[in-house]
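Me: I have a structure open beside its sequence and would like to learn how to read it. Could you take me through it feature by feature?

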Amino acid sequence: MSYALYIGSDLCASGHGWLAGYGDEPSGHWLEVVPCRSHATDSTITVGVTAEAALPGRLSTIPQVPRTARYMGVNYSHYLGAPPPLINGGVNQHGVAVRDVWSPSRPELVAMTPPDQKGPNYSDLSKIVLERARTAREGVGIIGALIATHGHSSYGGNSHLIADAREGWVVIEFAGGLGLWVAERLGPRSIRALRPGWIGLIPQEAGEDVLFPEHFLETAQRLGWHMAGDAFDVNRVFGDGRGRRPGVAWIEGEMAKRAARPGGLGLEDMIWAVSTPRLTGDSAGYGQIVPLTAETPEMLRMMWHAPVGPVTAPLVPVFLGIERVPLEYGRHRYLGRGESARFIDRVHEVTGAEAISDIPQGAASTRSAVAVFKRLMHLAFQGGDAWVAEVSTHWRAVERGLAAELADVQRSAAILADAGAPELARRLLTEHVETRLLRVLAEAEALAAGYEARLRAGVGLNMSTVPRLPDQIW
């Protein structure tokens, strides 16, 4: 399902807004920084879903643009019928951030989705926005143009939250193969959570704050789902009709209370919003918080990253200018689709057009950050609320230390870049990020060893078929 949270700049102590959230996938995840690239004029990209999808379709190609932006995000290895690697979002060199969140369309739209649907899927749209958009508003236009020109491969309805330093946009793409989408602007005093994505009442005409294709309202009237002149409730007409879910209402209310305090919202509030056990558990494949800053040098664009749900993992600042991601946080065989049937020594064997395994032996021989932090998560869960609070308190203290040193790191890199030594600035950022990511990984292993020893010496490991998990409001 995934989770996204947008906070407008006027509500924040820092003077800039935030986009945060996580993805709900049980597959393997890895952090990746993708460089900007030039492409030949006849370059294409493959998009869509296969016959294996819940709503089947076929893959197709669409034109690639001549130049794509540098960006970073978290990839994952599997969603039914959508070719990997997949991405829920991240941030690019222009400061455009995007998150992807499930948004169920009404059953009639799902039923009328063509069995040979084609066009970009949800992950394709996120990736293309990161590759091409210079503003959040432009990201909305890119999605709308792609759907109009190439169609959209739906799994039942989806949404995106796209944001930059100026504004945010909720974009919902509906099932049905009718080219239906709608976007709502979020301003500097907005608080919006998506899980799932939703938009309520909108005006009858598109404008500065709401965008949709020309046939949007007409289609609803033609299908008998809306009477001309009535207030148009997007969720009631084209969505599941359930409105804002309890978990969404709760987190938006809690963030509004925190925003009302003197000084407004800060980083610790955003960390709480993606780490509270009421919202975050085993299903959270990772955690991500992006500061929506203006006029930031490309290499200093950043996001706070956790390799699994931040309920028991730390968020560590990662800069777009780094030269590499530690192997431990990169792609592993852990939870990769089909890896249980593969030998690592057949890395170069090819069946058809697909390699048996493209994960180098050197990477596979390192620790997987996802595996280490998942182990810590489930050990802490077995100790109940007290242990979850204990490990969370530890990581929140680590994050405060990381935040305290951030300004010095940014200033040092900026001085080097301004002095004509950008390569040294990138090296500084790379070594800083690498050191911090590996340090918290070692701490996670030590914590896990301690929790396992305490369990084995006490009540024992949970060997029932019922996992111990925090109660969640979702």
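Reply: Gladly, and let us start with vocabulary: helices (H or I, at least four residues) and strands (E, at least two) are DSSP runs, numbered from the N terminus. This is a predicted model, where local features need pLDDT of at least 70, side-chain atom pairs count only at pLDDT 80 or more, and totals for chains, interfaces and linings use all residues. Residues are numbered from 1 along each chain as its sequence is written, and side-chain values use heavy atoms, with hydrogens and water left out.

Me: How many helices and strands are there in the protein?

Reply: The protein has 11 helices and 22 strands. Its radius of gyration (taken over C-alpha atoms) is judged against the globule rule, 2.2 Å times the number of residues to the power 0.38. Here the radius is 22 Å, close to the 23 Å that the rule gives for 474 residues, so the protein is as compact as a globular protein of that length. Along its principal axes, the C-alpha trace spans about 65 × 60 × 60 Å.

Me: What share of the residues is buried?

Reply: First the cut-offs: buried means under 20% relative accessible area, exposed over 50%, and partly exposed in between (1.4 Å probe, protein chains only). Buried residues make up 55% of the 474 in this protein.

Me: And what do contacts say about the chain?

Reply: A contact means heavy atoms within 4.5 Å. Take the contacts between residues at least 6 apart in sequence: 71% of them join residues at least 24 apart.

Me: Which residues have the most contacts inside the largest nonpolar core?

Reply: A nonpolar core is a set of buried Ala, Val, Leu, Ile, Met, Phe, Trp, Tyr and Cys residues joined through side-chain atoms within 4.5 Å. The largest one has 103 residues, and those with the most contacts inside it are Ile7, Val182, Phe216, Phe238 and Phe373. Helix α11 (residues 422–457) gives the most to this core, with 10 residues. A second, separate core of 25 residues includes Leu130, Ala136, Trp169 and Trp181.

Me: Which residues is Phe373 in contact with, leaving aside its neighbours within four places in sequence?

Reply: Among them are Pro307, Val308, Tyr329, Trp395, Val440, Leu441 and Ala444.

Me: Now a polar side chain. Is His305 buried or exposed?

Reply: His305 is found in strand β19, and a relative accessibility of 3% is why it counts as buried. Not counting residues up to four places away in sequence, His305 touches Leu31, Val74, Gly287, Pro314, Leu315, Val316, Val318 and Tyr329.

Me: What about the arginines? Is Arg396 buried or exposed?

Reply: Arg396 sits in helix α10 (residues 385–418) and is buried, with a relative accessible area of 14%. Beyond its neighbours within four places in sequence, Arg396 is in contact with Ile271, Ser275, Pro310, Val311, Ala313 and Pro314.

Arg375 belongs to helix α9 (residues 369–382) and is partly exposed, with a relative accessible area of 38%. With neighbours within four places again set aside, Arg375 is in contact with Glu445, Ala448, Ala449 and Glu452.

Arg261 lies in the loop between α6 (246–259) and α7 (267–275) and, at 40% relative accessibility, counts as partly exposed.

Me: How does separation along the chain compare with separation in space?

Reply: Two pairs make a nice exercise. The C-alpha atoms of Arg261 and Leu11 are 250 residues apart along the chain and separated by 9.7 Å. For Arg375 and Val409, 34 residues apart along the chain, the C-alpha atoms are separated by 31 Å.

Me: What should I look for in the backbone?

Reply: Most residues other than glycine have a negative phi, and most peptide bonds are trans. In this model, a cis peptide bond joins Pro84 and Pro85, with omega about -5°; Pro85 is found in the loop between β8 (71–76) and β9 (86–92). Another cis peptide bond joins Arg195 and Pro196, with omega about 0°, and Pro196 lies in the loop between β14 (191–194) and β15 (201–202).

Me: Where does Glu295 lie, and what is its phi?

Reply: Glu295 lies in the loop between β18 (287–292) and β19 (302–306). Its phi is positive, about 50°, although Glu295 is not a glycine. At 81% relative accessibility, Glu295 counts as exposed.
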